[in-house]
Amino acid sequence: MVSSQPAVLVGDSLYWILKGGSECILEFDLQSESLAFVQMPVDRINVPCYTPMRADDGELGLLSVTGTTAQLWKRKAGCDGATPWWVGRTIELDKLLSLDSGESTWIQGFAEDKNLVFLCAGSSNFTVQLESLQLKKLSNPRMDRYHPFGSVYAAGNNNAFTLPV
């Protein structure tokens, strides 16, 4: 079963989290129109909160949140052709968000082009820009899932288009 999270586009492929039994990532290559399975990092299989993302090197990444710690996972092809996962960065969210150590943090959404994650901590919603670690508390009430969109204008045209951010 495919997760309710939206797919992420990385290079020429779309990625979804598959749930139920053996959790992994489903890859659809847009060029070859083929499907493949990407194994999750062994440490992340039982973590309830994660989302695929584009890593800073443009390859497939994974953002996972456990308690008040976020980890940015990366895959890197080795000389033997294997592509193991490794932790590229660890972010202590309790220091950024001033959370109690007992409060859990959940991923509510991810804006891939902005590298911006929407988080819920306690009864509050936040955004964290993953490169600069800039934090913004959102004033709207707690929501279960965010699907970020932005508006753009075509040059010489006064019509606005709504596109995914």
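A search of the whole structure turns up 1 cavity of 30 Å³ or more, and that makes a friendly place to start our walk through this predicted model. The volume of this largest cavity is about 40 Å³. Look around its walls and you will meet Leu-63, Ala-70, Ile-91, Leu-93, Val-117, Leu-119, Val-128 and Leu-130. By class, that lining comprises 8 nonpolar residues, with no polar and no charged ones.

Several of those names come back when we turn to the nonpolar cores. The largest core has 17 residues, and the ones with the most contacts inside it are Leu-63, Val-65, Leu-93, Ile-107, Val-117, Leu-119 and Leu-130. Which elements each supply at least two residues of this core? They are strand E6 (60-66), strand E7 (69-75), helix H1 (93-97), strand E9 (105-111), strand E10 (116-121) and strand E11 (124-129). Of these, E10 gives the most, with 3 residues.

Leu-119 is a good residue to click on here, since you have already met it in the cavity lining. Setting aside its neighbours within four places in sequence, Leu-119 is in contact with Val-65, Leu-93, Thr-105, Trp-106, Ile-107, Gln-108, Ser-124, Asn-125, Phe-126 and Val-128. Elsewhere there is a second, separate core of 12 residues, which includes Tyr-15, Ile-25, Val-38 and Leu-62.

Now let us step back to the chain as a whole. It contains 1 helix and 14 strands. Of its 165 residues, 39% are buried. What share of contacts between residues at least 6 apart in sequence joins residues at least 24 apart? In this chain the figure is 30%. On the outside, the accessible surface comes to about 9,500 Å², and carbon and sulfur atoms account for 52% of that area.

Our last stop is an open space, the second largest pocket, which holds about 160 Å³. Its lining is made of 14 residues, and those nearest the centre of the pocket are Met-53, Asp-56, Leu-72, Lys-74 and Arg-89. Strand E5 (50-54), E6, E7 and strand E8 (85-92) each supply at least two residues of this lining, and E7 gives the most, with 3. You may recall E6 and E7 from the largest nonpolar core, where each also supplies at least two residues. While the cavity lining has no polar and no charged residues, the lining of this pocket divides into 6 nonpolar, 3 polar and 5 charged.

Methods: Residues numbered from 1 in each chain as written. Predicted model: local features only at pLDDT ≥ 70, side-chain atom pairs only at ≥ 80, totals over all residues. Heavy atoms only, no water. Core = buried A, V, L, I, M, F, W, Y, C linked by side-chain atoms within 4.5 Å. Buried < 20%, exposed > 50% of the residue type's maximum accessible area, 1.4 Å probe, protein only. Helix = DSSP H or I, 4+ residues; strand = E, 2+ residues; numbered from the N terminus. Contact = heavy atoms within 4.5 Å. 1 Å grid on protein atoms, 1.4 Å probe; cavity = no way out; pocket = protein on both sides within 12 Å on 5 of 7 lines; lining within 4 Å. Points joined across faces, edges and corners; volume = space filled by probe spheres on them. Nonpolar A, V, L, I, M, F, W, Y, C, P; charged D, E, K, R; others polar. Areas by Shrake-Rupley, 256 points an atom, 1.4 Å probe, with all protein chains shown as cover.
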